Amino acid sequence: MFATAEMSRLTVAAPVDKMEEVLRMCASLSCVHIEEYGHFQDGIGVGRALSTEGANQTSAMLTKVRAVSSSVQAINTDGPVSINEAKKLVDSFGSKIDDALAYLDTIRDSESSIATLKEQHQVLDRLAPLDIPLELMGGFDGLEVYVGETSRASKAKSIFSALSSEILLHSAPGIVAVACQTQHAAEVQICLAELGAKAVQIPAGEGSPAKKASSVLSEITAMENTIASTQEALDAWVGRNGRSLVALEEYLTREDAIYTSPTLVAVSDQAFALDAWVPTSQTEMVTSKLDKVASHVAVEAYVDPHHAHGHDEHHDAPEVAKELVMLSDYLLKTKQSVFQFFKSIDLDDSGKVDSYEFQQALKAANVANLPPWDIGPLVKAMDLDGDGQINLPELDISLTMIRAMPADDEHHDEPAPPIEFENGKTTQPFELLVDLVGRPKYGTFEPSMLIMMTFPFIYGMILGDFGYGAILVALSLWLGSKPFAVDPLAQKGMTVLRWMGVWCIIWGIIFAEGFGFVWDGSMYVDGVLKDGYRWGPDIAILTSFYGWAHDVFVMPEALAVFLGLGDGSHPFVMMPFHRASAGHGLEQYVSLAVYLGVFHILIGLIIGFLNVNKAHGIAAAFFEKGSWLMILVGGFMVCRNFVMGYNDLFEVQPLWNLLLLGGIGCLIVGLAIYEGFGWAGGIIMGPIETFGLLANTLSYLRIMAVGVAGVKIAEVSIILGWENILKGVEAGGASGYLTALLCAVIFLFVQVFALALGILSPTIHAARLHFVEWMGKFYDGSGRAYSPLGGQPLHVEGNS
């Protein structure tokens, strides 16, 4: 519920010729997350992507499929296809993909041609006022023609007056054309520069520029018609083949991952080894499947090195005979390959080595001189097929696994397990919010369920309008009916939006607010209680409901006084709760925001305490997080008693002062010892850091500030719009109805603005309170997402 899926380390080794079969089995399991091999040593490296006919065909087909998929909106609304059907699509769908690519090429070529033709049309449109045939604007020996755009075309004659006998000048508004012999070209260019003329490139062609421009427009229209008809054909293609397209893309992506996954594993001449993670709940299934195709399969539960209190942190690692480690080092030192060493010790050239031959080989290499009773178990450990002898692949697999293992001093750099969420259907949508700040570090608290409870709650407390909440719920249902909503990510987003709307309705009922109106039979404007306008029979029902609620939902006097929500002379009415009116609920709204902030941060610090205790022990947890708990509780009670008039701010309150000052002292110790600040840093930073907690707590006042601001914006629509609509209708006549119409436009505009702002602003502030003020107290978002080989199937059945 509050933790991610437990992971176990999977190690698999087999001969190289079994690599594709093993990797394909891993992909079919859909739960094997392979770690990229990075411990490079002589004789051991990463593999190369498989280069088979199937791999090349898959890569080429996937490129085409992705090219089409990225250009269209293909959606599968009919559910997944079978694995056999997906395989058939690889052979049968090629011609259809080519058809779609032809449509896309036609559209792109037409768009490119239109862009070129539009440029030509712009030039021809500029030349049209000159009314000079295009063939006369160039192509003559000894004659230069210059055309330029200028805002001073009317002054061309005066500027060119000195050359009037040597040139032919033609001008029109905004453009000038000059023809001259080559020897006068420099003088003409000087005059054009004086005019500030910008040169115009003369297009090739014949005839009038105006007629040519008209012809180009016709070509553009024809191209646009081609695009429209081709797009229509492409849309029809997508309608017929969209499901097959997304299924084929998923299948080919999985196949491509299999063919390229050798680049993630350790490979020697004869064997390979892969290091992976699998959910602990599936280890038995994974082991049983891989045992059928691999020579060696081992699974071990992950143990965080920080948790091995006083023990060897690698006590669960598989034991490796020191003689094999020494043999591996010997081969590296002598630069022998496993094949060369095996041939040298295979005395009878049988392709197998028995215990005596291996004993003599170790002795000759000065590795060890083992007696028969010790050499037997060593050979048995490498004998994967159980025939009592070692063959070349078995020796290579054993040495490859040793070399692929990190050295002792590298264990601290070993990656932690990837993170796979493990939540129920109700909580899963809120994993989206957790992912925004990164997956949680393995072994720490996973907050999706708490976010499911608090994020919509705080959002609704800010917006708090049942009319807007109903719109949000309706919007989520409408979006959920669209074809794109079949995507799991979209479904999660719609669910989060729906919960936000539901809590907005709940708080709106408590606040008696809907579309900015107060629905309990009265309305507050600028803090003044005034009679509200009743419009419709349901108002009477709501007025009766809130009249009943006013008498029923009353906080007990003792509790209200204790929380500072009442003074004992007037009961604190919890519903209707007029949060935006001073003297009628605004002060209590402020208090509730602060109380919520203290409680929310308190929960975050408790979670942080548990995380640190799990990772580093109770002492570190006490000084790192327990100190903050003491500061929060003690500081809050000191401030509460001061605000409520029980004590002066600096008056001694033994319990709370002791808790506050003791917390600061423990914080100094925590910063100095556990956070590495040193005593000087701890003494300086401890008191300063305390003010950060105060800022975090007061940050929750944004609930009140943004909530009241939203109410006031909605009130603008009522004061400027709704009230004047009623006045206009009451006045009657043309002017009255015109006033009502204009005010209706104002009313709707402000309501839409208030709704848009109500969706955006409370979301941002609710997210801020969670991601910064709350999760900052315990959350480490350094986890990696769980990404099994081949992905998890969505559109193709039978992948797992």
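This note goes through a predicted model point by point, from the whole chain down to single residues.

1. Overall make-up. The protein chain contains 25 helices and 18 strands, and its C-alpha atoms occupy a box of roughly 110 × 105 × 60 Å when the box is taken along the principal axes. For a compact globule of 800 residues one would expect a radius of gyration near 28 Å, whereas the protein chain has 39 Å, and a reader may want to keep these two values in mind when looking at the overall outline.

2. Surface and interior. Of the 800 residues in the protein chain, 44% count as buried, while the chain as a whole exposes about 39,800 Å², with carbon and sulfur atoms supplying 60% of that area. Among the contacts in the protein chain with a separation of 6 or more, 77% are accounted for by residues 24 or more positions apart. As one example of a pair separated in sequence, Ser-151 and Val-176 are 25 residues apart along the chain, and their C-alpha atoms are 9.8 Å apart in space. Ser-151 sits in the loop between E4 and helix H5 (156–159), and Ser-151 counts as exposed because its relative accessibility, 78%, is over 50%.

3. Helix H17. This helix covers residues 488–511, and its 24 residues reach 35 Å from the first C-alpha to the last, close to the 34 Å expected at 1.5 Å a residue. At the N-terminal end Asp-487 acts as a cap, with a side-chain oxygen placed 2.9 Å from the backbone nitrogen of Leu-489. Within H17 the buried residues are Ala-490, Met-494, Thr-495, Val-496, Leu-497, Met-500, Gly-501, Cys-504, Trp-507, Gly-508 and Phe-511. When reading such a list, it helps to recall that an α-helix has 3.6 residues a turn, so residues three or four places apart point the same way. After the helix comes Ala-512, which has a positive phi, near 60°.

4. Helix H20 and the loop before it. Does the distance between the ends of H20 agree or disagree with the span expected from its number of residues? The 31 residues of H20 (residues 586–616) should span 45 Å at 1.5 Å a residue, and the end C-alpha atoms are 45 Å apart, so the two values agree. H20 is followed by Gly-617, whose phi is positive and near 105°. In the loop between strand E18 (572–573) and H20 lies Pro-576, and the peptide bond leading from Met-575 to Pro-576 is cis, with omega near 0°.

5. Backbone angles that deserve a second look. As background, most residues other than glycine have a negative phi, and most peptide bonds are trans. Asp-131 is not a glycine, yet its phi is positive, at about 55°; this residue is found in the loop between helix H4 (94–127) and strand E4 (143–149), and Asp-131 counts as exposed because its relative accessibility is 56%, over the 50% cut-off. Phe-515 is likewise not a glycine and has a positive phi of about 55°. Phe-515 lies in the loop between strand E13 (513–514) and strand E14 (517–518), and a relative accessibility of 32% is why Phe-515 counts as partly exposed.

6. A buried polar residue in a loop. Asn-423 belongs to the loop between helix H13 (392–404) and helix H14 (431–435), and Asn-423 counts as buried because its relative accessibility is 11%, under the 20% cut-off. Which side chains make polar contacts with the side chain of Asn-423? One of them is the side chain of Glu-431, at 2.9 Å, and another is the side chain of Glu-446, at 3.0 Å. Leaving aside residues up to four places away in sequence, Asn-423 touches Met-1, Gln-428, Glu-431, Glu-446 and Ser-448.

7. Cysteines. A search of the whole structure finds zero disulfides. Why does Cys-180 form no bond with the closest cysteine sulfur? That sulfur belongs to Cys-191 and is 9.9 Å from the sulfur of Cys-180, which is too far for a bond, because a disulfide needs the two sulfur atoms within 2.5 Å. Cys-180 counts as buried because its relative accessibility is 1%, and Cys-743 also counts as buried, with a relative accessibility of 8%.

Technical notes: Residues numbered from 1 in each chain as written. Predicted model: local features only at pLDDT ≥ 70, side-chain atom pairs only at ≥ 80, totals over all residues. Heavy atoms only, no water. Helix = DSSP H or I, 4+ residues; strand = E, 2+ residues; numbered from the N terminus. Buried < 20%, exposed > 50% of the residue type's maximum accessible area, 1.4 Å probe, protein only. Polar contact = N/O pair within 3.5 Å; in protein donor to acceptor, adjacent residues only side chain to side chain. Contact = heavy atoms within 4.5 Å. Rg over C-alpha atoms; globule rule 2.2 N^0.38 Å. Areas by Shrake-Rupley, 256 points an atom, 1.4 Å probe, with all protein chains shown as cover. Expected span 1.5 Å × (residues − 1).
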